[in-house]
Every structure is written in C-alpha cells, then in structure tokens.
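Work through the exercises below with the coordinates open. Try each task before reading its solution.

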Amino acid sequence: MNKWIARAAALGMLLAPVAAQAQEAVVDAADSGDTAWILVSSAFVLMMTMPGLTLFYGGLVRSKNFLSVCLQVGAIAAVVSLLWIFVGYTFAFGPVTNGWLGAGTNWMLNNIGNVREGTNVPESAFALFQLTFAAITPALMVGAWVDRARFGWVVLFSALWSLIVYVPVAHWIWGGGWMATKLGTLDFAGGIVVHTTAGVSALVTAALLGKRTGFPRTLMLPHSPALTMAGAALLWVGWFGFNGGSALAATDDAASAIINTHVGACAAAMMWLLIERIKVGKATSVGFATGAIAGLATVTPAAGFISPGAAFLLGLIAAMVCFPMIQIVKNRFHIDDSLDVFAVHGMGGITGSILLAVFYNPALGGTADPATYSLGGQLIAQIAGVGIVAVWSAIASAILAVAVGLIFPMRVSEDDEREGLDLASHGERAWEMD
C-alpha cells in the first residue's frame, strides 16, 4: 500500500506544474472578440483626432490659419503618444501605490501583464486604447488659441500638460486612484478626465494669451463650414469607439454606451438648431455640428451608466447649457476662447458628470446597485470630483503656460497674426487658387 501511495505522490508532483501552467494559461488568456473591439475602438478614437478634430477646427478658422491648426493637432497627438509610451502609461495605469500616481515600473511599456486586470484584453491593447485618449485631450485645447499661439509654445505646453494634468487625473479616476476609491467619483469615458481638464485649461490659456487682433470688432467667420461638418461627422462616428470602447469588452455595455452616445448627439444637435432658429432666425450647419459635439461631450461621462431616455434628456440639456455659455465666456468674461472649447467641451463634460448622479438611479433606468445607490452621496462625489479636477487643471495650466512662455513666447507677433500662421509660421498655404 505504501508503495502505491509513494508512486501516486510522485505522479502528483510531476503533474502539478502542468496543472498550474494550464490554470495560468486560462487566467492569462485574452478574449479575442473583446481584444478586436478594443483595437478597432483605438482606431476610431485616433480618427477623432486626425482627421476629425483637424477638419472640425480647421473649417472654423480663417483660411490663412487652416494648416497651422492641422499641424498643431498632429504634432500634439504625436508628441503625447510618444510620452505616453515612455512614461505616461506607467504613471496613469501602473500598479497602484499611494492613489496619486501609478508605480513607475512600466517604462516604455516594459513589464506589462499579459491581460489587463479586470478585463479580458491584453494590457498592450488597453495601453493603446488609453494612448488615444491621452492624445486627443490636449489637442482639444487647440481651439482656444487658434490664430495667435506660437507653434513651439503649443507643442511644449501640450507635452508637459499631458504629464502634469492629464496623467494624474487619469490615475485618480480610472487607474485605481483616490478619487474613484475614496470619493466614489464616476466617469465612464472622459467627462472629467478628458473634457473638464481640457475645457478648463483651454479657458485659462485663452485668458493668458489675450484676444485675437481685432476681436471682437472684426468679424472672423469660419472659412469652410463644409469642412467643419465633415470633421463633426468623423468625430461623431469615432465617438462610438470613444464611449463604446470604454466598456472594455464587446458586450451589452458597449452597445448601450453607443446607443446613448448617438441619442445624446442627435438630441443636442436638433435642440441647438431650434435655439438658433429662435435666437438668430436661421438654423446653420455650424450650429448643428457644434450642438452634436456638445451632446457627445455631455453624455460621455454617463454613457455606460444610463438609459437611452436619460441620454435624450442629457442631449437637450447640453444644448440649453452650452449655447448660452458661448456668449457668457466671450461677452461677460471677455475671454477669447476662439472656438468655444470651454463652452462646448468643458461645460458639456461638467454638466454630464454632475447629472450622472441623477440618471445613475436604477429607478430612472440607471445601472446603479439599488442596495447601495444614494442620490446625495453620488451627487457629492461627482461635484467634488469635477471641482477638484477643475481647480487642479486651472492652477497647473496657468503655471505651465507662463513657465513655457519663458522659453517660447506664447504669441506670435501682431504682423504674423495678420499675415496668418500658415505662411508666417510654416511657410505654406492651405489653398493655392492660381
């Protein structure tokens, strides 16, 4: 008997490593469908930046500044992508240490895991998806300083901003940091992490840069509403990856987020046209495009947590809040936020992030756990999250803008501004009519 027991024990010892490897293989196996969805979503979000944001902003400026917008957006996306690989990812999504920054153990994406914890996708795919968010966020700020910001200042400011503003906030809310774990702040796809940071920072930098030469006396009309509409369409479609991909799986959560994204954009665009018709007398293509973007920004923080009915209401509210905010910023605050980054992206993201607390209610079709949901508690968490991030973004951006201005002057000369940045800064014209 002892002989057979000894043999069985020896066989068990031989098989144990095999069993352990098999179990590890199961744990580390990524789901191919989820992985494919994240890869496609990454491409969608990059499409939002280039060409979506490029065309949307480019059509809104005067023709002499079109190429400068294209180059600024492209350069920001490129330099921030590199920084994300080098250091950004490890501080935003590296192992949680103190809740303020991730551990610096994944430089150049070294030592990342096979499967991202809490998902069924490879960590490399997760890092790629988050890279596209990091790239588009500072690019959104370009709209605040078009026509007058110096290219060198734009690139260096945006690069440092991505590390000092965006990366910490991403960790606080999405990377297991203190804002999510201690406050309970929610942000499905970027109402706080993307739109609040970029919107508030854009307002601050626009104030520091000062008004465009001739503003507001000179009428500065969009040179190509057609390009703006095309850019808005690309942003709209790309936003399906932005919000749907944030489910991190090809599931009902992704489908619900996409439906809510589309509903919010449709409602906001149509409400914007109605407001324009009443206030201005005509419904415009630029108004439709701007309204859609406002709705998309507003529904983003709540997209995976709410019902389509709530998304519809958020879209209506987005237009009613963001439309008057454009005039408030320019006429009451006297800040030349040229393409209304704060009024549309910032105010939209802030509004959606706060109202998320209301529509998260399971009684209204939200996905909150009925046993633990508290309107008061969630509302405090959302307001606190928005407020802290807004203050951090404003202070850090002001310091960064001034500091970088000591190396590269923030503005071009008045003569260069009148000539247009395409020729003055880059020696090219977007359109040769000869």
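The exercises move from model confidence to a helix, backbone geometry, surface and charge pairs.

**Exercise 1. Confidence**

Task: State what kind of model this is, then find what mean pLDDT the protein chain has and which stretch falls below 50.

Solution. Step 1: the model is predicted. Step 2: average the pLDDT over the protein chain; the mean is 93. Step 3: count the residues that reach 70 or more; they make up 93% of the chain. Step 4: look for the weak stretch. Over residues 10-27 the pLDDT is below 50. Beyond near neighbours in sequence, this stretch has one contact in the model. Step 5: apply the usual caution. Where pLDDT is low, predicted coordinates should not be read in detail.

**Exercise 2. Helix H8**

Task: Work out what span helix H8 (residues 191-209) should have at 1.5 Å a residue, and set it against the distance between its end C-alpha atoms.

Solution. Step 1: H8 has 19 residues. Step 2: the expected span is 1.5 Å times one less than the number of residues. For H8 that gives 27 Å. Step 3: the end C-alpha atoms of H8 are 25 Å apart, which agrees. Step 4: check the cover. In H8, 17 of the 19 residues are buried, so the helix is mostly covered. Step 5: step past the end of the helix. Just after H8, Gly210 takes a positive phi of about 90 degrees.

**Exercise 3. Backbone geometry**

Task: Which peptide bonds into Pro51 and Pro216 are found, cis or trans, and where do these prolines lie?

Solution. Step 1: read omega from Met50 to Pro51. The value is near 20 degrees, and the bond is cis. Pro51 lies in helix H2. Step 2: do the same from Phe215 to Pro216. Omega is near 0 degrees, and this bond is cis. Pro216 sits in the loop between H8 and helix H9 (225-244).

Task: Leu109 and Leu248 have positive phi; decide for each whether the residue is buried or partly exposed.

Solution. Step 1: Leu109 has a phi of about 60 degrees although it is not a glycine. Leu109 belongs to the loop between H3 and H4. Its relative accessibility is 21%, so Leu109 counts as partly exposed. Step 2: Leu248 has a positive phi of about 60 degrees and is not a glycine either. Leu248 is in the loop between H9 and helix H10 (252-279). At 19%, Leu248 counts as buried because the cut-off is under 20%.

**Exercise 4. Inside and surface**

Task: Place Thr49 and Trp107 as buried or partly exposed, and list what Thr49 contacts.

Solution. Step 1: Thr49 is part of helix H2 (residues 32-60). Its relative accessibility is 0%, so Thr49 is buried. Step 2: set aside neighbours within four places in sequence. Thr49 then contacts Thr54, Val73, Ala77, Ile136 and Ala139. Step 3: Trp107 is in the loop between helix H3 (66-93) and helix H4 (123-140). At 39% relative accessibility, Trp107 counts as partly exposed. Step 4: Leu82, Phe86, Trp107 and Met108 make a nonpolar surface patch of about 400 Å².

**Exercise 5. A salt-bridge network**

Task: Trace how Arg62, Asp147, Arg212 and Asp336 are linked.

Solution. Step 1: recall the principle. Side chains of opposite charge can pair when their charged atoms come close. The structure holds seven salt bridges. Step 2: start with Asp147 and Arg62, whose side chains meet at 3.1 Å, N to O. Asp147 is in the loop between helix H5 (142-145) and helix H6 (151-173), while Arg62 is in the loop between H2 and H3, 85 residues apart. Step 3: go on to Arg212. Arg212 forms a salt bridge with Asp147, with closest N and O atoms 3.5 Å apart. These two are 65 residues apart, with Arg212 in the loop between H8 and H9. Step 4: Arg212 also meets Asp336, at 2.8 Å, N to O. Asp336 lies in the loop between helix H12 (308-332) and helix H13 (341-359), so this pair ties together parts 124 residues apart in sequence. Step 5: check burial. Asp147 and Arg62 are buried. Arg212, at 7% relative accessibility, counts as buried. Asp336 is buried at 1%. Step 6: join the pairs. Arg62, Asp147, Arg212 and Asp336 are linked in a network of salt bridges.

Technical notes:
Residues are numbered from 1 along each chain as its sequence is written. This is a predicted model: local features need pLDDT of at least 70, side-chain atom pairs count only at pLDDT 80 or more; totals for chains, interfaces and linings use all residues. Side-chain values use heavy atoms; hydrogens and water are left out. Helices (H or I, at least four residues) and strands (E, at least two) are DSSP runs, numbered from the N terminus. Buried means under 20% relative accessible area, exposed over 50%, partly exposed in between (1.4 Å probe, protein chains only). pLDDT is the predictor's confidence in each residue, from 0 to 100. Contact means heavy atoms within 4.5 Å. Patches are made of residues with over 30% relative accessible area and no salt bridge: like charges are joined within 9 Å, nonpolar side chains (Val, Leu, Ile, Met, Phe, Trp, Tyr) within 5 Å. Accessible areas come from the Shrake-Rupley method with a 1.4 Å probe; for residues, only the protein chains shown count as cover. A salt bridge is a side-chain nitrogen of Lys or Arg within 4 Å of a carboxyl oxygen of Asp or Glu.
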